[in-house]
Structures are given as structure tokens and as C-alpha cells.
Amino acid sequence: MPPGITAPPPASPPVDPTSAPGSRPATTRAASAQAVPPPDGTWVDITSAPLSAAAVGTWAATADSGAVVTFSGTVRDHASGREGVTSLTYEAYVGAAVQRLAAVVDDTRARWPEVRRVAALHRTGRLDVGDIAVVVAVSAPHRTEAFAAAAHCIDTLKATVPLWKKETWSEGEEWGTDARPISDLGTVHR
């Protein structure tokens, strides 16, 4: 975690996802060593295991979905003002991060009630250039809703989930240049 930044408690009490169709409460725990899909329509996880965008997209597909949008964020070889990035190290306040991921999914379902399955998964630990750091997948009967819901999910995840990254590059290592305070869920606008 960057110096001077402390992990905040969750901004709101745990969300009751039973109000959203097809969802269930996320469990709060340490980062899992392997991302395992649940049997229902919501998959949230903070994991040290490699992520597969293809596997998450396959999980998201349902018989009544005409669209599955899968986004994967990968480690790139540069950052603002930093060439030669070789790796990122992600840390998370896991309990709050899992709760926030569940709240992001609940918010996505509330805005697009027609979505079928929603996944929001993030890696922790050291990741090399090309490794997948985050995967979001959304299925819906039609592409317009699937694209909009997936974009909202990744944008809100990046702004509200307590995750930090350290960049390692040819001249050293330091916490990411794009670090910012964590936003409350209701303040993120696309």
C-alpha cells in the first residue's frame, strides 16, 4: 500500500444483493488462491491466481443471452512518464474490496435489470507485462445493455474498489502515478 494511505473501512454497510435478480451475497475473506465460478449469476473475487478472460466470458454466457461483453485489463510496458515498466504489484484491502465488488455488481444490476450474469474479478500480487489484472464480464439479451453494463462495471470498479498498484520499471519502483482517493459508489458517473 502506498506510504501515507491507509485502507478505509467500507463506505457503506454490506449490500443485500438478494434484491437483485440472480445475485447472492459475496463472502468476505482473504484473497483466494484460485478463482472459482459460483453456480449462480454473480461472480466477484480478489485472487492471486491467474485470470482467464475466456473462461470468465464462457461462464457469463447463458442460453437466453444474445450478448456477452468481456473486458480484460492487462499489464502494459509503460505508464504516464514511465517507459520500460516490467511488472505491477497489486495489493488490496480484501474484505472491503470484495464488498465493493459486490456493490458494483449490484449497482450494475439495478441500472440494467435485464443483465443475466456479471463477473468482476481482480488479481493481487506481482504481475508481469501481458498478465491480466482485471476481468469484467456481463451477459444480457442484447448488446446495447451488455456493453453499457460492462463499461459501467469496470469504470466503477476502478474508482471505488480499494486496490493499489506498485509499478516496477527500468529506473526503479514506486506506487502508481494514477493513485487517487477511493470514490463512494454513488459518485461515479460515466
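Here is a short tour of the fold, from its two sheets to the helices and one well-connected loop residue.

The structure is a predicted model, and the mean pLDDT of its protein chain is 83. One open sheet holds 4 strands with mixed pairing, and another open sheet, of 4 strands as well, is antiparallel. Helices α1 and α3 both meet the mixed sheet, while α2 and α3 cross each other at roughly 150°.

**Confidence**
- In this chain, 76% of the residues reach a pLDDT of 70 or more.
- Residues 1-29 have pLDDT below 50. Beyond near neighbours in sequence, the model gives this stretch 57 contacts.
- A word of care fits here: where pLDDT is low, predicted coordinates should not be read in detail.

**The mixed sheet**
- If you walk across this open sheet, the strands come in the order β1-β6-β8-β2.
- β1 (42-47) and β2 (67-74) are the edge strands; each has a single partner, so one side of each is left without a neighbour in the sheet.
- On average, neighbouring strands here are turned by 5° against each other, ignoring direction.
- In the middle of that order, β6 (residues 118-123) and β8 (residues 132-140) pair in the antiparallel sense over 5 bridges. V118 has V138 of β8 standing opposite.

**Helices on the mixed sheet**
- Helix α1 (residues 53-60) lies across β1, β2, β6 and β8, and runs at about 20° to β8.
- Helix α3 (residues 143-160) packs on the sheet too, where it touches β2, β6 and β8. The direction of α3 makes about 150° with that of β8.

**The α2-α3 pair**
- The axes of α2 (residues 94-111) and α3 come within 10 Å and cross at roughly 150°. With angles over 145 degrees counted as roughly antiparallel, that crossing makes α2 roughly antiparallel to α3.
- The crossing of these two helices is right-handed.
- On the α2 side, the contact is made by R100, L101, V104, D107, T108 and R111. The α3 side contributes A149, H152, C153, T156, L157 and T160.
- Sorted by class, the contact between α2 and α3 has 5 nonpolar, 4 polar and 3 charged residues.

**The antiparallel sheet**
- The strand order in this open sheet is β7-β5-β9-β10.
- Its edges are β7 (125-128) and β10 (172-175), each of which pairs on one side only.
- Neighbouring strands in this sheet are turned by 20° against each other on average, direction ignored.
- β9 (residues 163-169) and β10 run antiparallel and are joined by 4 bridges. T168 stands opposite E173 in β10.

**R117, a loop residue to look at**
- R117 is found in the loop between α2 and β6.
- Although R117 and W59 are 58 residues apart along the chain, their C-alpha atoms are separated by 8.3 Å.
- Leaving aside residues up to four places away in sequence, R117 touches P39, D40, G41, W59, A60, A61, T62, R109, A137, V138 and S139.
- One of these contacts, V138, is the residue of β8 that stands opposite V118.

Conventions
Residues numbered from 1 in each chain as written. Predicted model: local features only at pLDDT ≥ 70, side-chain atom pairs only at ≥ 80, totals over all residues. Heavy atoms only, no water. Pairing = 2+ DSSP bridges. Axes fitted to C-alpha atoms, helices over the stretch in contact; angles between N-to-C directions. Contact = heavy atoms within 4.5 Å. Parallel < 35°, antiparallel > 145°, perpendicular 65-115°, else oblique. Left-handed = near helix turned anticlockwise from the far one by under 90°. Nonpolar A, V, L, I, M, F, W, Y, C, P; charged D, E, K, R; others polar. pLDDT = per-residue confidence, 0-100.
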